[in-house]
Structure formats: structure tokens, C-alpha cells
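User: Hi! I would like a close look at the salt bridges in this protein, with enough of the surroundings to place them.

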Amino acid sequence: MSATRMWCGVLLAVTVSAVAGCSSSSNDDDTTDSGPTPMGKAYVSTKVDGIEIPGGGPLTLEFRDDRIIANAGCNTASGPVSLAGGVVTTDKLAATLMGCPGDRAEADAWITGLLSSSPGWTLDGADLTLRGNGSTVTLQDRKVAQPDKPLTGTNWVVTSLLRPEAEVRSRTLDEVRPTLTIGADGAVSGSAGCNRMTGSAQVAGSEVTFAIGTTRMMCDEQVMEVERDVVQALDGKTTATIDSDTLTLRNAANGTGLTLHAQ
């Protein structure tokens with residue numbers, strides 16, 4: 001495993017605020033005694049007033065199993081969350097440690113500032129509003145803002161590599177941008193990072209069984225490492241899940257997988 005790979009797969013515990021107690025809401029329950037909450041849903045920002053997101057965002061928030069997953073264009077932070085009293089209260093968020101170019105490098109500090117301020121939240125149908133740390137962020141239910149993309153006919157770009165213990169991102173992965181397209185007839189095309197991929201995919205509900213091959217060029221070792229991971233994840237039967245513009249492929253046989261986004 002390369003040094004870059006190990007560095008990018010590390011999680012950093014970041015305490016942004018203390019939680020007095022555990023959330024009283026049940027897992028993925030989107031209601032409380034006072035009405036609907038964002039729990040069980042994912043949101044994407046459509047407008048920011050005040051202090052804007054460095055690099056432009058967008059901010060994506062997912063509330064699941066009394067946890068929050070947040071990303072504003074660089075690293076992803078996740079951890080316990082309480083929504084009680086109309087306030088987002090977080091504790092000991094863990095974040096990936098990938099370096100990001102330009103203004104996006106400041107996006108993580110913007111998220112930390114927002115969430116550590118215990119922002120207030122309001123929900124109006126599919127629209128969620130957060131107010132805190134000098135920003136008012138309007139977000140929309142991702143299913144409304146970005147309906148699920150079709151599996152076939154969509155150009156997918158690999159954004160992370162899945163392992164049983166971690167979701168791995170790296171600069172090399174971002175630079176080479178492996179791609180995957182499944183045609184309506186099941187024909188597979190794309191790039192594994194260095195070499196072109198061709199082959200077939202049999203789609204049966206959420207199960208997708210791949211049979212692919214690649215050309216035989218050699219690239220930098222870090223690029224070839226990414227390619228080996230991509231090809232391994234697409235070796236045989238996988239389970240496909242689509243959430244908005246995100247495709248997740250998991251290969252139970254070898255414990256690997258991919259996260260891909262629609263291009």
C-alpha cells in the first residue's frame with residue numbers, strides 16, 4: 001500500500017461541540033413530538049447567504065441513524081447528531097484527511113464553523129434551512145433537487161474506493177478519474193485509471209454481474225494501484241445502490257466496492 005493511500009484513508013476525530021445526551025429519536029425516524037425532522041434524508045445546498053462556502057460547495061448533509069454526514073467540496077465529516085429543540089448538535093465528528101486544491105481547502109473549516117455553532121434548523125416541506133456562524137444555508141431534499149440517475153446510459157466517475165474498514169479517497173484517484181458506463185445492451189466501457197475497460201454487465205434488479213477486461217498499458221505505480229482496486233471491485237457479482245447522482249457498488253465476494261458520481 002502506498003504512502004499516499006494510507007494517508008488518505010486515515011480518519012481524524014474532530015470534536016466540534018459537546019452533546020448533553022443521546023438523541024431521543026429512533027433510527028431513520030423523520031418525526032418527533034414537535035413535527036417532521038430531516039432525519040432519514042439527504043440534502044444539498046441551493047443557496048448560501050452570509051459567509052459563503054469556500055470553493056462554492058455545494059454543502060451536502062445526510063441524516064441517518066442519529067448520525068450526520070457532511071461534505072462541502074473537500075473532506076467528508078461524520079458523527080453523532082441531535083436535532084432536538086430545532087438545533088443541530090454534533091459531537092466528535094470524524095473526517096477524512098485528503099488535501100484539496102485552491103479555495104476548496106478551506107471548505108472543511110467552514111463546515112466545522114457551521115456545525116460547532118449549534119445551528120438552528122427549520123424544515124419546510126423539501127427545504128431545510130440552517131442558520132449559524134454567520135451563514136444561512138438553504139438546502140433541498142436531494143431526491144427532489146437531484147432525482148435518481150438511471151444505472152444504464154449514465155457516465156459514472158469513481159470518487160472513492162470502499163473497503164470493509166474505510167472509504168478511501170486520494171489525490172491520484174481524483175486526478176485519474178476512473179469512469180464506468182453500462183449501455184442499455186449491457187456493454188461496459190470506461191477507464192480503470194490507466195487502461196480502457198470493455199466487457200459486459202448483467203443487470204438483475206440491484207444485482208450487477210460484471211465481466212470486464214482492460215488494455216495493457218503501464219502507468220505510474222500509484223495509478224496502477226487505483227486501477228487494480230477498480231478492477232477488483234468490478235470482478236463478478238456486485239450490489240448496486242443509486243441515491244440521486246451517486247452509485248454505490250459493493251462486491252461481497254472480495255469485500256471491495258466503489259462510490260461513483262454521475263458525470
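To set the scene, how many helices and strands does the secondary structure of the protein chain come to? After that, please go through the charged pairs and any unusual backbone spots.

Analyst: Happy to help! Please keep in mind that this is a predicted model. The protein chain has five helices and 21 strands. It holds 263 residues, and 44% of them count as buried. Among contacts with a separation of 6 or more, 56% are between residues 24 or more positions apart. The accessible surface comes to about 12,600 Å², with 51% of that belonging to carbon and sulfur atoms.

Now to the part you asked about. Searching the whole structure turns up nine salt bridges. One of them pairs the side chains of D229 and R163, with an N to O distance of 2.8 Å. This pair ties together distant parts of the chain: D229 belongs to helix 5 (residues 221–233), R163 belongs to strand 13 (residues 155–163), and 66 residues separate them. Both D229 and R163 are buried.

E221 and R228 make another salt bridge, in which the closest N and O atoms are 2.6 Å apart. Here the setting is partly exposed for each partner: E221 has a relative accessible area of 48%, and R228 has 45% relative accessibility. Since partly exposed covers the range between 20% and 50%, E221 at 48% falls into that class, as does R228 at 45%.

The pair D174 and R169 is a mixed case. Their side chains meet in a salt bridge at 3.4 Å, N to O. D174 is partly exposed, at a relative accessible area of 31%, whereas R169 has 18% and is buried. R169 counts as buried because its 18% is under the 20% cut-off.

There is also a network of salt bridges, and it links R142, K143, D148 and D243.

Finally, the backbone. A cis peptide bond connects G57 to P58, with omega at about 5 degrees. P58 sits in the loop between strand 4 (42–50) and strand 5 (60–64). S118, a residue other than glycine, has a positive phi near 50 degrees. Its place is the loop between helix 2 (107–116) and strand 10 (120–124), and S118 is partly exposed at 30% relative accessible area. R177 likewise is not a glycine, and its phi is positive, near 50 degrees. R177 is found in the loop between helix 4 (171–176) and strand 15 (179–182), where it counts as partly exposed at 42% relative accessibility.

How values were computed:
Residues are numbered from 1 along each chain as its sequence is written. This is a predicted model: local features need pLDDT of at least 70, side-chain atom pairs count only at pLDDT 80 or more; totals for chains, interfaces and linings use all residues. Side-chain values use heavy atoms; hydrogens and water are left out. Helices (H or I, at least four residues) and strands (E, at least two) are DSSP runs, numbered from the N terminus. Buried means under 20% relative accessible area, exposed over 50%, partly exposed in between (1.4 Å probe, protein chains only). Contact means heavy atoms within 4.5 Å. Accessible areas come from the Shrake-Rupley method with a 1.4 Å probe; for residues, only the protein chains shown count as cover. A salt bridge is a side-chain nitrogen of Lys or Arg within 4 Å of a carboxyl oxygen of Asp or Glu.
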